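Open the model in your viewer and keep the sequence panel at hand. The stops below go from the whole chain to single residues.

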Amino acid sequence: MPDPSRLFIRALSGVWGNGYWVTWHPSARHRLGDVGTVQGSGLVPISSLEEVGITTSQVAPTTRDELTWRTRGGVSVTYKSAGQAGGPFAALADAQAGALVEFSRENALLVAYRGLTEHRLADQPLLARELVERYWAGSWELDWYVISHLVTAKSGTVLLAGEKGALVEMHARATLGEAPAALADLAAGARGARSSGMELELLGKQVTPFYRVLRLRRRFIRGIEGVYGDVRTLRTSANRPPDVPADVLDEIRESPDVALEFPDQLAPVSGEGTA
């Protein structure tokens, strides 16, 4: 089977918006302001802005009730109401509500999230200045990234078929006569009852499916080095300016985007998600 991380990231790339990274593994949890390095296609946290002494604020969060995605033509869902007897359900009791998810081909994917909230860092001019000053002083590295946007979900279900004919039977909370009515309902407290042929099953709470990262802009740093010499040499030179030159700080204050960039997520390397 192809690398599941590659399948998952390719399928959900752009679903929340351009520039957002897809969290792999789906069970991984990130925090706004996490600082880390990139390994393969994901961020590996090593610290946070708070832990390194950088104070930030947040803009008002935005919310979305639900988000669903499934492979077109590859996933079918049969819903069962509480009290319903018969049908294709083998693990659910008559009194239980739920759903049967069937996959007609290998690698088919179903994703459902409920209760989504996006949080964002504010004060980018201040953050840009702080990162440049720390890089100049030797306490920030060029390959460090910061999570600047984070999407959280109160609950989520991720199902990836490992073979044609794979299936998952799920139990959902409902009162007598009620049944799940839409894909998003599969993310609302559902539990697995039986499964077969699955590559990945996640039924979790408080997940972080999407995020964006920022870093120091490479071209900007090269521009500084072109005028003032290699920054790493300046850090140890007796003749280096002790502080970031005023003209550089003025440029950052007027337009923080000159110093910061939001890189796209790299495609997963072969075998990244198979461990």
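How many helices and strands does the protein have? Colour the cartoon by secondary structure: this predicted model has five helices and twelve strands. Its radius of gyration is 23 Å, well over the 19 Å that the globule rule gives for 275 residues, so the protein is more spread out than a compact globule. Align the view with the principal axes, and the C-alpha atoms fill a box of roughly 80 × 40 × 25 Å.

Stay with the whole chain for a moment. Turn on the surface: about 13200 Å² is exposed, with carbon and sulfur atoms supplying 46% of that area. Of the 275 residues, 46% are buried. Contacts between residues at least 6 apart in sequence are mainly long-range, since 81% of them join residues at least 24 apart. Now colour by charge. There are 29 positive and 32 negative side chains, and the centres of the two sets lie 4 Å apart.

**Helix α1**

Select residues 4-12, which form helix α1. Is this helix largely enclosed or largely open? Seven of its nine residues are buried, so α1 is largely enclosed by the rest of the structure. Show the side chains of Pro4, Ser5, Leu7, Phe8, Ile9, Ala11 and Leu12, the buried residues of the helix. Then bring up what covers them: the cover includes β1 (21-22), β4 (62-70), β7 (109-120), β8 (145-161) and β11. Just after the helix, stop at glycine 14, where phi is positive at about 85 degrees.

**The cis peptide**

Move along to tryptophan 24 and histidine 25. A cis peptide bond joins these two residues, with omega at about 0 degrees. Histidine 25 is in the loop that runs between β1 and β2 (34-39).

**Two residues with positive phi**

Next select asparagine 107, in the loop between β6 (97-103) and β7. Asparagine 107 is not a glycine, yet its phi is positive, at about 75 degrees. With a relative accessible area of 22%, asparagine 107 is partly exposed.

At the other end of β7, select aspartate 123, in the loop leading from β7 to α2 (124-137). Here too a residue other than glycine has a positive phi, near 60 degrees. Aspartate 123 has 38% relative accessibility and counts as partly exposed.

**Histidine 149**

Go to strand β8 and select histidine 149. Is histidine 149 buried or exposed? Its relative accessibility is 7%, so histidine 149 counts as buried. The side chain makes a polar contact of 2.8 Å with the side chain of serine 148. Beyond neighbours within four places in sequence, histidine 149 is in contact with Tyr20, Leu32, Glu118, His119, Arg120, Tyr211, Arg212 and Phe262.

**Arginine 215**

The last stop is arginine 215, in strand β11 (residues 198-216). Arginine 215 counts as buried, at 17% relative accessibility, because the cut-off for buried is under 20%. Which side chains make polar contacts with that of arginine 215? Display tyrosine 145, whose side chain is 2.7 Å away in one such contact, and glutamate 261, whose side chain is joined to that of arginine 215 by a polar contact of 2.8 Å. Tyr145 and Glu261 are also among the residues in contact with arginine 215 once neighbours within four places in sequence are left aside; the others are Trp144, Ala259, Leu260 and Pro263.

Key
Residues numbered from 1 in each chain as written. Predicted model: local features only at pLDDT ≥ 70, side-chain atom pairs only at ≥ 80, totals over all residues. Heavy atoms only, no water. Helix = DSSP H or I, 4+ residues; strand = E, 2+ residues; numbered from the N terminus. Rg over C-alpha atoms; globule rule 2.2 N^0.38 Å. Buried < 20%, exposed > 50% of the residue type's maximum accessible area, 1.4 Å probe, protein only. Contact = heavy atoms within 4.5 Å. Areas by Shrake-Rupley, 256 points an atom, 1.4 Å probe, with all protein chains shown as cover. Lys, Arg positive; Asp, Glu negative; His and termini not counted. Charge placed at Lys NZ, Arg CZ, Asp CG, Glu CD. Polar contact = N/O pair within 3.5 Å; in protein donor to acceptor, adjacent residues only side chain to side chain.
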